[in-house]
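Let's look at how the labels on a protein model are earned. Each question below asks what stands behind a label.

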Amino acid sequence: MEAARILKLAAALAAAAVPWVASPPAQAISGAPGGAAAPTGSEESSVSRTGAKLVPYRPVGAHPVLSALSVPKASVPGRPPKVTLRVSEPGVGTVYVKVKITPLAGTAGTPILARMGWVHTERTLIVSWPSTAKLAAGSYHLLVTGQDHNRAALVELAHISRLATLLVASPPPATPPPSTSAPVPGVPSPAQSAAEGAVFPVQGSFSFGGPENRFGAPRSGYYHEGQDVLTAEGTPVVAPFAGTITYAANQAGGGGYYLVEHTHVGFDFMYAHCMANSFAVKAEQEVSAGQQLCKAGQTGDATAPHLHFEMWPGGWHAAGTKPIDPLPYLEAWAAEKG
């Protein structure tokens with residue numbers, strides 16, 4: 001019995017002699033790579049309860065990975081284009097990232113460096129270029145580099161390169177918009193169309209925006225062929241006149257979800273940037289004045305909810321036809337609406 005008691009006492013003393021070791025809380029990141037990541041809320045609470053930091057699992061030899069990179073194939077001279085990226089690494093919350101644009105041989109200018117600093121992983125990030133950064137016409141390489149807190153370098157997936165080519169070129173001169181000063185033969189004037197009971201196409205609060213929303217506003221290699229009616233997403237879009245729907249389609253890089261209506265008064269109307277899955281009609285369907293066609297959205301190349309409205313005497317993109325300025329008509333219809 002006495003021997004057993006002595007063995008138990010020795011074991012207890014040995015355990016007391018070995019201090020319990022826990023990693024200290026991480027310090028917030030500051031400055032260049034090499035600092036420790038700031039603790040998350042859950043990590044801070046674990047420290048306050050036990051005095052130990054919970055360290056996320058990170059495989060031995062792991063590297064941060066560029067998991068997404070979006071660079072336009074072409075841009076215009078001036079400010080660098082919008083570039084987005086995403087970085088991943090298991091068990092790591094932040095990674096230090098830099099993006100550099102370098103002019104290739106024959107292109108004027110100096111390299112542009114965007115130091116993004118410590119960015120969060122698993123988030124889509126927009127590169128913030130220096131305020132003075134400008135690109136001249138020519139060819140460039142764009143390279144993404146970075147490292148984690150263990151100085152492991154940023155690597156790429158098999159199908160995503162850290163290096164992209166960017167072509168900067170001046171857009172061709174835009175075709176001047178057609179003249180709309182003279183009345184178009186065979187179609188009613190704005191006042192006549194309003195008197196005939198035309199319905200304003202947007203059934204909700206709206207505005208006509210600024211010069212960039214007008215018919216004839218310059219675009220890259222073409223001109224704006226309609227008038228934008230800015231409104232809240234989901235606002236009903238209706239037919240100004242009775243007619244037949246000739247097209248109901250989607251143009252992902254342009255008009256988004258759009259409809260074309262052929263009317264009995266000699267116009268074809270085009271309604272673009274409708275909300276996805278909001279079509280209330282289909283091709284070859286007859287519609288009445290005021291009937292809902294879709295809902296205003298921002299599909300396609302739109303950056304804000306609106307209806308892009310075009311008017312074509314003689315047929316939408318028919319041979320020998322051109323669009324006319326819809327604004328005088330829309331203003332007359334809005335005035336009639338009160």
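A disulfide here is a pair of cysteine sulfur atoms within 2.5 Å. This is a predicted model, where local features need pLDDT of at least 70, side-chain atom pairs count only at pLDDT 80 or more, and totals for chains, interfaces and linings use all residues. Residues are numbered from 1 along each chain as its sequence is written, and side-chain values use heavy atoms, with hydrogens and water left out.

Q: Why is the link of Cys274 and Cys294 called a disulfide?
A: The cut-off is 2.5 Å, and the sulfur atoms of Cys274 and Cys294 are 2.3 Å apart, so the pair earns the name. The structure holds one disulfide. With -50 degrees about the S-S bond, that link is left-handed.

Q: What makes Cys274 and Cys294 parts of strands?
A: Helices (H or I, at least four residues) and strands (E, at least two) are DSSP runs, numbered from the N terminus. Cys274 sits in strand E15 and Cys294 in strand E17 (residues 292-295), 20 residues apart, and the pair links distant parts of the chain.

Q: How do you know whether Cys274 is buried or exposed?
A: Check its relative accessible area: buried means under 20%, exposed over 50%, partly exposed in between (1.4 Å probe, protein chains only). Cys274 has 1%, so it is buried. Cys294 has 0%, so it counts as buried too.

Q: Why do we say that strand E11 and strand E18 pair?
A: Two strands pair if DSSP finds at least two bridges between them. E11 (residues 227-231) and E18 (residues 306-313) have four bridges, in the antiparallel sense, so they pass. Gln227 stands opposite Phe309 in E18.

Q: What makes strand E10 and strand E16 edge strands?
A: The open sheet of seven strands runs E10-E11-E18-E15-E14-E13-E16, with antiparallel pairing. E10 (206-207) and E16 (286-287) each have a single partner strand, so one side of each is left without a neighbour in the sheet.

Q: What covers the buried residues of helix H4?
A: Contact means heavy atoms within 4.5 Å. The cover includes helix H3 (190-195), E10, E11, E15 and E18. Among the buried residues of H4 are Leu327, Tyr329 and Trp333.
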